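Please prepare a briefing on the structure shown below, covering its disulfides, strand pairing and surface.

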Amino acid sequence: MRKLLFGVALAVPALVGLGTSAYAPKAEAAPAQSCEWDYYSDATYSEMVGNETQTCSGRRYLTGVRTPYSQLVICFPC
């Protein structure tokens, strides 16, 4: 009986640790640079309709509308 209790006492924490490591979030690297894009309404690039910034932390901020017609404004290292 004592061996059974000792085995259970060792197995339970090991299983709990295994279960929590299986659900750990995946780590992602931060971008190497911060960039800004302007978005335009059409291929003439005459009317700007949006702007997007990606920060060094990886967050993206969009103002206006994202379209297929974009131009990179600036990038700089983080």
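Two strands pair if DSSP finds at least two bridges between them; strands (E, at least two residues) and helices (H or I, at least four) are DSSP runs, numbered from the N terminus. The model is predicted, so local features need pLDDT of at least 70 and side-chain atom pairs count only at pLDDT 80 or more, while totals for chains, interfaces and linings use all residues. Residues are numbered from 1 along each chain as its sequence is written, and side-chain values use heavy atoms, with hydrogens and water left out.

**Strand pairing**

- Strand E2 (residues 48-54) runs antiparallel to strand E3 (residues 60-64), and five bridges join the two.
- Within this pairing, Thr53 is placed opposite Tyr61 of E3.
- Five residues separate the strands in the hairpin of E2 and E3, where Gly58 adopts a positive phi near 95°.

**Disulfides**

- Two disulfides are found in a search of the whole structure, the criterion being a pair of cysteine sulfur atoms within 2.5 Å.
- When the bonded cysteines of the chain are numbered in sequence order, the pairing reads 1-3, 2-4.
- One disulfide joins Cys35 and Cys75, with the sulfur atoms 1.9 Å apart; the link is right-handed, with 115° about the S-S bond.
- Cys35 belongs to strand E1 (residues 33-40) and Cys75 to strand E4, so this pair ties together parts that are 40 residues apart in sequence.
- Another disulfide joins Cys56 and Cys78, with a sulfur separation of 2.2 Å; this link is left-handed, with -95° about the S-S bond.
- Cys56 sits in the loop between E2 and E3 and Cys78 in the segment after E4, so that distant parts of the chain, 22 residues apart, are linked.

**Accessibility of the cysteines**

- Buried denotes under 20% relative accessible area, exposed over 50%, and partly exposed the range in between (1.4 Å probe, protein chains only).
- Cys35 counts as buried because its relative accessibility is 7%.
- Cys75 is partly exposed because its relative accessible area is 29%.
- Cys56 is likewise partly exposed, with a relative accessible area of 31%.

**Nonpolar surface patch**

- Val73, Ile74 and Phe76 make up a nonpolar patch on the surface, together offering about 270 Å² of accessible area.
- Nonpolar patches (Val, Leu, Ile, Met, Phe, Trp, Tyr) are made of residues with over 30% relative accessible area and no salt bridge, side chains being joined within 5 Å; like charges are joined within 9 Å.
- A salt bridge is a side-chain nitrogen of Lys or Arg within 4 Å of a carboxyl oxygen of Asp or Glu.
- Accessible areas come from the Shrake-Rupley method with a 1.4 Å probe, and for residues only the protein chains shown count as cover.
- Val73 is located in strand E4 (residues 69-77) and counts as partly exposed because its relative accessibility is 43%.
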